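Colleague: I'm new to reading structures and would like a close look at one part of this one. Could you pick a single strand and walk me through its surroundings?

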Amino acid sequence: MTNSSEYLPPKVWTWHTENGGKFANINRPIAGATHDQDLPVGRHPLQLYSLATPNGQKVTILLEELLALGHTGAEYDAWLIHIGEGQQFGSGFVSVNPNSKIPALMDYSGAKPIRIFESGAILQYLAEKFGAFLPTEPAARAECLSWLFWQMGSAPYLGGGFGHFYAYAPTKIEYAIDRFAMETKRQLDVLDKQLAVSEYIAGSEYSIADIAIWPWYGGLVKGRLYEAAEFLSVQDYPHVQRWADAIDARPAVQRGRMVNRVSGELSGQLRERHDASDFATRTQDKLAVASE
Ligand SMILES: N[C@@H](CCC(=O)N[C@@H](CS)C(=O)NCC(=O)O)C(=O)O
């Protein structure tokens, strides 16, 4: 591997599988399935295939919020997709999401199964299906969807840009870290200015805009992403901090964060979720382990 300042791009890029970096083993320049693997299907109409990354958490948080509101039709099975092991390239997963990324959802409640991929599309689909967390009044709806799509366009600069070059790239490249740290801080300032005048992102009501933005930017200011809180001076965004804490305290958010989690404290991991009682079982496991 040469120093980035010495790299002279060749005339034609070619794929070096050993290019280093945290995700080098799963990154490929080609789409489609690498192997046959059916997806499991549980008993609920909604079948989620995911992992508790920020993009995955958005959907489990919304489902838990819908259930907390009494929408029993939002009961779901959440199956774990190990992206580090390449399960997103199994044929069953690719048929639900041709883009091979979690989260992906199947809805079997209607006459024909419906597949939904891209977390923003899933949030909008579920909010419309259950008539919750997305205002119907045109101006409020436009504001909510504007912030939802702001997240979809912005977070790749935070995750794929800043997070990748600050935490995962095999060499620290000042130019790349500088560029994406600047953009990430600009985005935090966008949110801080909005949250200075608005209780939630899109107004006075908690919505899918908050649910989309919180796992990324709330996680960042709470020091949960890339160990970058000090580097990015996250204390300089007090309104984002206030909002992040308020959402963090919601029981449905705490449950949603646990689903399909495979890292961190064991007590915070519910690898698969098939029933609301699974959370209680997890707590009992935790108590049993503690008393051993
Ligand atoms: N825009 C997509 C992004 C999804 C995404 O990037 N998922 C990552 C995990 S956070 C993934 O599945 N990566 C596996 C891969 O790239 O092979 C969404 O919001 O759903």
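Modeller: Let's take strand E1 and work outwards from there. Keep in mind that this is a predicted model.

First, the setting. The chain has nine helices and four strands, and along the sequence they run in the pattern β-α-β-α-β-β-α-α-α-α-α-α-α. Of its 292 residues, 35% count as buried. A compact globule with 292 residues would have a radius of gyration near 19 Å, and the chain's 20 Å agrees with that. If you drew a box around the C-alpha atoms along the principal axes, it would come to roughly 60 × 50 × 50 Å.

Now for E1 itself, which covers residues 46-50. Is this strand buried or exposed? Five of its five residues are buried, so E1 is largely enclosed by the rest of the structure. A residue earns the word "buried" when 20 or more other C-beta atoms lie within 10 Å of its own. Follow the side chains and you'll see them split: Leu46, Leu48 and Ser50 point one way, while Gln47 and Tyr49 point the other way. Both sets are buried.

What does E1 pair with? One partner is strand E2, residues 76-80, and the two pair in the parallel sense over five bridges. To get from E1 to E2, the chain passes through helix H1 (residues 54-68), and this β-α-β crossover is right-handed. Another partner is strand E3, residues 104-107, where the pairing is antiparallel, over four bridges. Leucine 48 is a handy residue to click on here: it stands opposite alanine 78 in E2 and opposite leucine 105 in E3.

Go back along the chain from E3 and you reach proline 103, in the loop between helix H2 (91-96) and E3. Have a look at the bond before this proline: isoleucine 102 and proline 103 are joined by a cis peptide bond, with omega about 0°.

Those two residues also turn up around the ligand. Its shell is made up of Ile26, Thr53, Asn55, Ile83, Gln88, Ser100, Lys101, Ile102, Pro103, Glu118 and Ser119. By type, the shell divides into four nonpolar, five polar and two charged residues.

Glu118 from that list deserves a stop too. Glutamate 118 lies in the loop between strand E4 (114-117) and helix H3 (119-130). This residue has a positive phi of about 75°, although it is not a glycine. With 17 other C-beta atoms within 10 Å, glutamate 118 is partly exposed. Asparagine 260 also has a positive phi, about 60°, and is not a glycine either. Asparagine 260 sits in the loop between H8 and H9, but this one is buried, with 28 other C-beta atoms within 10 Å.

Finally, the UniProt record. It lists residues 47-134 as "domain: GST N-terminal", in an unreviewed entry. That span is 38% helix and 19% strand, and its end C-alpha atoms lie 22 Å apart. Also from an unreviewed entry, UniProt gives residues 137-266 as "domain: GST C-terminal". Here the make-up is 68% helix and 0% strand, with the end C-alpha atoms 43 Å apart.

Terms used: Residues numbered from 1 in each chain as written. Predicted model: local features only at pLDDT ≥ 70, side-chain atom pairs only at ≥ 80, totals over all residues. Buried ≥ 20, exposed ≤ 12 C-beta atoms within 10 Å, placed from the backbone. Pairing = 2+ DSSP bridges. Right-handed = clockwise from strand over helix to strand, strands pointing away. Near = placed C-beta within 6 Å. Nonpolar A, V, L, I, M, F, W, Y, C, P; charged D, E, K, R; others polar. UniProt positions renumbered as here; feature names shortened; annotations may be inferred. Rg over C-alpha atoms; globule rule 2.2 N^0.38 Å.
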